[in-house]
Amino acid sequence: MTIKRPITVTTLTDMKGRGEPIACLTAYDYSFASILDSTGVEIILVGDSVGMVVQGHLTTLPVTVDDLVYHTKCVSRGVETSLIIADMPFGSFQLSPQKAFENAARLLGEGGAQMVKIEGGEFMRETVEFLVERGIPVCGHIGLTPQSVNQFGGFKVQGRETEAASEIENDALVLDQAGVSALILEAMPSALAGSISKKISAPTIGIGAGPQTDGQVLVLYDLLGLYPKKSPKFSKDFLAGAGSAVTAVEHFLKAVKTREFPGPEHCL
Ligand code: KIV
């Protein structure tokens with residue numbers, strides 16, 4: 001199979017410029033990645049959510065770089081069009097920009113990803129700059145960053161109070177300046193996510209961040225109603241009534257493109 005992967009960082013910026021919503025879903029294996037790719041989902045995220053929905057851990061913290069390299073390789077084999085982002089797991093990037101580069105290079109070189117995702121705000125500025133200067137596109141991730149679940153005391157909405165909201169907005173501006181190619185905004189008030197999306201040049205991809213972001217992402221196992229534990233309020237089971245996984249993904253894609261999803265019932 002020839003890997004073409006025509007969707008690039010430029011495609012995402014152009015879509016933001018045109019006001020065209022970007023659709024992103026997680027995948028961890030060849031078969032689901034092929035389905036997402038064939039339906040036209042622009043971004044496939046090999047998320048460290050693999051630790052919870054596939055490996056059965058309570059958090060994403062036990063996921064390793066080897067796990068993510070393995071799953072990114074599996075996903076890569078099924079993808080011809082979508083852009084693949086690989087998550088950098090807990091402990092793989094916080095120590096130093098050099099350590100982050102070493103691990104990110106594996107996700108691109110061995111895994112076949114085109115971008116890596118890093119959780120954290122302003123304190124990640126130097127690492128983002130270090131990777132971007134060396135040719136590795138970076139997706140930031142702020143708001144509820146699941147790798148900090150122990151610091152937050154649970155998977156809680158972030159940025160409700162004025163001070164917390166302005167800290168998150170500052171994080172977004174700093175990461176944008178540092179050169180992120182996309183920014184995940186997770187579990188925060190819609191107004192905050194909307195304001196950030198207007199102020200930064202990088203496309204924002206929301207999850208539990210309301211309808212005003214430049215794109216939407218869901219964990220595939222939530223979208224298909226497969227995760228046996230409680231799914232977050234902001235997710236939606238698109239398989240219910242759809243009849244097949246392919247149709248469920250198509251419904252998600254349409255709902256993102258028409259901005260029907262997320263609806264008010266999915267906002268925090
Ligand atoms: O790991 C993951 O799936 C993620 C998404 C929830 C954005 O980070």
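Buried, as used on this tour, means under 20% relative accessible area, exposed means over 50%, and partly exposed lies in between, with a 1.4 Å probe and protein chains only. The model is predicted, so local features need pLDDT of at least 70 and side-chain atom pairs count only at pLDDT 80 or more, while totals for chains, interfaces and linings use all residues. Residues are numbered from 1 along each chain as its sequence is written, and side-chain values use heavy atoms, with hydrogens and water left out.

**Stop 1: strand β4**

Select residues 115-119, which make up strand β4; helices (H or I, at least four residues) and strands (E, at least two) are DSSP runs, numbered from the N terminus. Five of the five residues of β4 are buried, so the strand is largely enclosed by the rest of the structure. Show the side chains, and Met 115, Lys 117 and Glu 119 point one way from β4, whereas Val 116 and Ile 118 point the other way.

Now add the neighbours of β4, bearing in mind that two strands pair if DSSP finds at least two bridges between them. Strand β3 (residues 83-87) runs parallel to β4 and is joined to it by three bridges, with Ile 85 standing opposite Met 115. Strand β5 (residues 138-143) also pairs with β4 in the parallel sense, over four bridges, and here Glu 119 stands opposite His 141.

**Stop 2: the barrel and a helix packed on it**

Widen the selection to strands β1 to β8, and eight strands are seen to close into a barrel in the order β1-β2-β3-β4-β5-β6-β7-β8, with parallel pairing. From one strand to the next the twist averages 25 degrees, where axes are lines fitted to C-alpha atoms, for helices over the stretch in contact, and angles run from 0 to 180 degrees between N-to-C directions. Next select helix α11 (residues 245-257), which packs on the sheet and touches β1 (22-26) and β8 (215-218), contact meaning heavy atoms within 4.5 Å. The direction of α11 makes about 145 degrees with that of β1.

**Stop 3: aromatic rings**

Rings of Phe, Tyr and Trp (its six-membered ring) pair if their centres lie within 6.5 Å, and planes under 30 degrees apart count as stacked, over 60 as edge-to-face and the rest as tilted. By this rule the count comes to six aromatic pairs. Select Phe 32 and Tyr 221, whose ring centres are 6.3 Å apart with planes at 65 degrees, so the pair is edge-to-face. Phe 32 belongs to helix α2 (residues 30-39) and Tyr 221 to helix α10 (residues 220-223), so the pair ties together parts that are 189 residues apart in sequence. Tyr 221 is buried, at 15% relative accessibility. Add Tyr 28 to the selection, since ring pairs link Tyr 28, Phe 32 and Tyr 221 into a cluster.

Move on to Phe 101 and Phe 130, an edge-to-face pair with centres 6.5 Å apart and planes at 80 degrees. This pair ties together helix α5 (residues 97-109), which holds Phe 101, and helix α6 (residues 125-133), which holds Phe 130, in parts 29 residues apart in sequence. Phe 101 is partly exposed at 28% relative accessibility, whereas Phe 130 is buried at 18%.

Keep Phe 130 in view and add Arg 134, whose charged end sits over the ring of Phe 130, 3.6 Å from its centre; the criterion is that NZ of Lys or CZ of Arg is within 6 Å of the ring centre and within 35 degrees of the ring normal. The charged end of Lys 236 likewise sits over the ring of Phe 238, 4.7 Å from its centre.

**Stop 4: cysteines**

The structure holds zero disulfides, a disulfide being a pair of cysteine sulfur atoms within 2.5 Å. Select Cys 24, which is buried at 2% relative accessibility; its sulfur is 7.7 Å from the closest cysteine sulfur, in Cys 139, too far for a bond. Cys 267 is also buried, with a relative accessible area of 17%, and its sulfur lies 18 Å from the closest cysteine sulfur, in Cys 24, again too far for a bond.

**Stop 5: backbone details**

Most residues other than glycine have a negative phi, and most peptide bonds are trans. Select Ala 187, in the loop between β6 (182-186) and α9 (190-199), where phi is positive at about 50 degrees although the residue is not a glycine; Ala 187 is buried, with a relative accessible area of 2%. Finish in the segment after α11, where Arg 259 is found with a positive phi near 60 degrees and, at a relative accessible area of 38%, is partly exposed. Pro 262 is found in that segment after α11, and the peptide bond from Phe 261 to Pro 262 is cis, with omega near 0 degrees.
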